[in-house]
Structure formats: structure tokens, C-alpha cells
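Let's take a walk over the surface of this protein and then step inside. Have your viewer ready.

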Amino acid sequence: MDIPSPRTLYRMVWGRPGLSAAAVHAAGLAIRLGFMFAVLAWSGPALLGVYGVLTSIELVAIYLAGFEFHTFTTRRYARRPSPRALGRSLACHRKMLLVSTPLAVIGAGLAAWLLGLNLGWVEYLSFLIVVATGVAVQETVRFIVLIHRPVMSVVVSFIRTASWQPAALLCLSAPSPLLPMLALWAVAALMSLVLAAWLLRAALWRRVRIPLRYLAHGLLKGRNYYLTANAAVLQGNLERFVLQTFLGPAAVGVYAFFQSLASTLPALVQSAVLNLWLPSLLKDFGQRRSGRFTTLRRAALRALAVSALLSVGVAVGAAALSLLSGHREYIPLLWMLGVLLVGQIVQVWTQPVHLALYAAHRDRALMILSLTVLAASSVLGILLVRSAGVQGAVMSQLAGGLMLGLARSGLFRFYLKRNVI
């Protein structure tokens, strides 16, 4: 059998957008997990904890300040795609950035201070550059996908989130390793923004007049999605903030490592299963087709099977990594990973139910559900962390996943009995 040349392999992978995007995504995921394990093993949990809190602050700040305005503009663009429509959508986001970027930067800086991270001014500046660029990149990446450049959208995200981390490992022996880490992160974030702007350069600077009432209309349209998305983001990061408040960065570091491992599950299932079933679920429940419940059942069972199989792989890989690296002290803590994986499996298993409710235009109900689960998870998380520390945070995450899964199923049955879904 002839072995293909590197050029042939490159064309085989890059010529298939789905395979290429998956390969870049998998590479970024592997780098991020390897980076976290290296920081935990070589520098200890405190440094990883500070980094983990900063990544959570960044994510929450970007979502809160973004107002989910893309749900309005991307739908408008997808309805009648054209260069003019793309320019108009991007002009809307340019105006929105004048508000969302300062909000995100101020909010992130205030959160880092209130959580007692004690950053130096250069570290603060670097982190705020990451946040400021992240607000813009978050919006542009979605449009890069819409103009049929899915591989480049993943490349932009890879540069921002993972490309700098191998170089950062060389700085772990520095007296203050957080400073070069944040500086490298900021440089990579700026590079990702430049690439995103270049990919959209044909439409980015079109002169389009956008009335303020049009922006207000878009914000009003996206309000339910905004509250739902932010409730999910806050719930996923809540325990890190509570741990930092009560126990400090070392506790966050241990928890963040296992949570990051468990969080690979929904990302992988999303790309391997849910993205494939999404069009069918949206069409069947949107049009109330007769076979919609069969579609939902098959999607849920596939999500459950794939997530269970991947969970075994994640757990075995984590155990092997601990043994091979000589850090056997983390083996007794692997039960945390198992518990977190169970919570993720429940959420992934019921995600098709969420998509079915979304397709049936039950946006307000989903918003109320998300906010209710967030409120309950917040109270429970504080109580469990104060009483049981890191173990309490793990159990809180499991409880949140179970509550969300049960709430989705209950809401679906509620509408099913009334024959409105």
C-alpha cells in the first residue's frame, strides 16, 4: 500500500471542511487540556486556579455584555444572504461594540478585583485586552461560519484559546509565571481579532446607516435568548467563583482541572451528534411533523450512547495521564471527574429535548426554566461549597445537571399533555 505524501494528506484533510474543522478543534482541545495538566503538575493548583477564574470571568463578561444580539442579526442575514446584508449586520455589531466592549472590560476588571485575584497592572492590562478582543471575536466568528468559512472560524478560535499555551509552558519556571502567560494570551487574542477582521474585510467597513431604533428592536427580539444563554453560562462557572470567594485559587485549580476534562463531553457530543440532528429536530418540531417524537427519541438515545462512551474514554485517559506523569496523588481524586461526567451526561442526554422546545417556539418557557435552575443552583452551590469545599462544588455541579435535565423533561411533558408541541 502506497503511503500518501504530506501534500496529499494536507489536501485530503483541508479539502473536507468538516474533517478539517474537527481536526483543528481536537488539536485545540488537546493543547488546552495538556496545558492545564502541566500547570497543575509543575506549578501547583494555585496558579491553575487563578487562570481558571480568569477564563470564567472572561467568558461570563463576554456573554453578559454581548446581549445575544447575534440572534437577531444572523437570522436576518441567513434569511437573505448577500454582501449588502452582511455589511449591514456587521455595521450593527460595530455600533453595539461601542457599548458592549466597555461593559465587558469594566465588568471583568471589577470581578477580578472583587474576587481578590491581586493582579499587577500589566497583568490587568493583558487580561482586559483579552476580554476586549473577545467581545468582537465572539461576534465575528459567527459570521465567518455564515459566509461558509467554518474551518477558518475554528482557526480563529484556536489562535485565541490554544496557540499561545505551548509557549506559556516555558514560562512556568519564571518568578511570576502568570505575567508572561497573560501577555502571551493577549497577543494571541489580538492576532485572532486581526485574522477575523481580515476574513470579513470585504463587508466589515461598508458605510451603512443604522438607526438606534433598529438596534433597540434587535435587543428586544433577543432578550429571551440572552437570559437563557447567560443563565447557562453562569451556571457552568458558578462553582469557580464560589470556591474562589470562600477557599481561594488552590481549590479552584483542582476543581477547574476536573471540570475542564468533563466539559470536553458536551463539546464533542455537540459536534458528533447534536449538530447532525439539529436540522431534523428544528424542521420536525417547527412544522409538527408526525415523526417528530421518533426523531427526538433517536437523537436523545444517540447523544446518551456517545456521551457514555466518551466518558469512559475521558476517565481512562485522565487516569493514564496521572500514572504516566508520575502524579499518582491525583488518582484518589478521580471520583470527582466521574461525578462531573454524570452531570454532563444528563445535560447532553436532554439537550435534544431543549432543541425540540426551541423549535416549537417555547422561548419564554426555556428562559424561565434556565433562570429557575440557575437560582436553585446558586443557593445550593454556596451551601455545599461552604460546608464541603471542593467536594461540595462537585456535588453542586451534579445537582445542577440533574435539575436541568429533570426540568427539561418536565417542561416537555407539560406541553405534550396539552398537545401544543
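Which residues form a nonpolar patch on the surface? Keep in mind that we're looking at a predicted model. The patch is made up of Trp121, Val122, Leu125 and Leu179, and together they have about 400 Å² of accessible area. Helix α6, which covers residues 121-146, is the top contributor here, giving three residues. Zoom in on Trp121, which sits in that helix. Its relative accessible area is 67%, so Trp121 counts as exposed, the bar for that being over 50%.

Now for charge. There's also a positive surface patch, built from Arg75, Arg76, Arg79, Arg80, Arg84, Arg88, Arg206, Lys221, Arg223 and Arg364. Two elements, α4 (70-79) and α5 (83-114), each supply two or more of those residues. Of the contributors, α4 gives the most, with three residues. Arg80 belongs to the patch too, but you'll find Arg80 in the loop between α4 and α5. Arg80 is exposed because its relative accessibility is 66%, again over the 50% cut-off.

Finally, let's go inside. Pick out Ser311 in helix α14, the stretch from 292 to 324. Is Ser311 buried or exposed? With a relative accessible area of just 7%, Ser311 is buried, since the limit for that label is under 20%. And what does the side chain of Ser311 reach? It's the backbone oxygen of Ser307, at 2.7 Å, which falls within the 3.5 Å used for a polar contact.

Technical notes. Residues numbered from 1 in each chain as written. Predicted model: local features only at pLDDT ≥ 70, side-chain atom pairs only at ≥ 80, totals over all residues. Heavy atoms only, no water. Patch = residues over 30% accessible without salt bridge, like charges linked within 9 Å, V, L, I, M, F, W, Y side chains within 5 Å. Areas by Shrake-Rupley, 256 points an atom, 1.4 Å probe, with all protein chains shown as cover. Salt bridge = Lys/Arg side-chain N within 4 Å of Asp/Glu carboxyl O. Lys, Arg positive; Asp, Glu negative; His and termini not counted. Charge placed at Lys NZ, Arg CZ, Asp CG, Glu CD. Helix = DSSP H or I, 4+ residues; strand = E, 2+ residues; numbered from the N terminus. Buried < 20%, exposed > 50% of the residue type's maximum accessible area, 1.4 Å probe, protein only. Polar contact = N/O pair within 3.5 Å; in protein donor to acceptor, adjacent residues only side chain to side chain.
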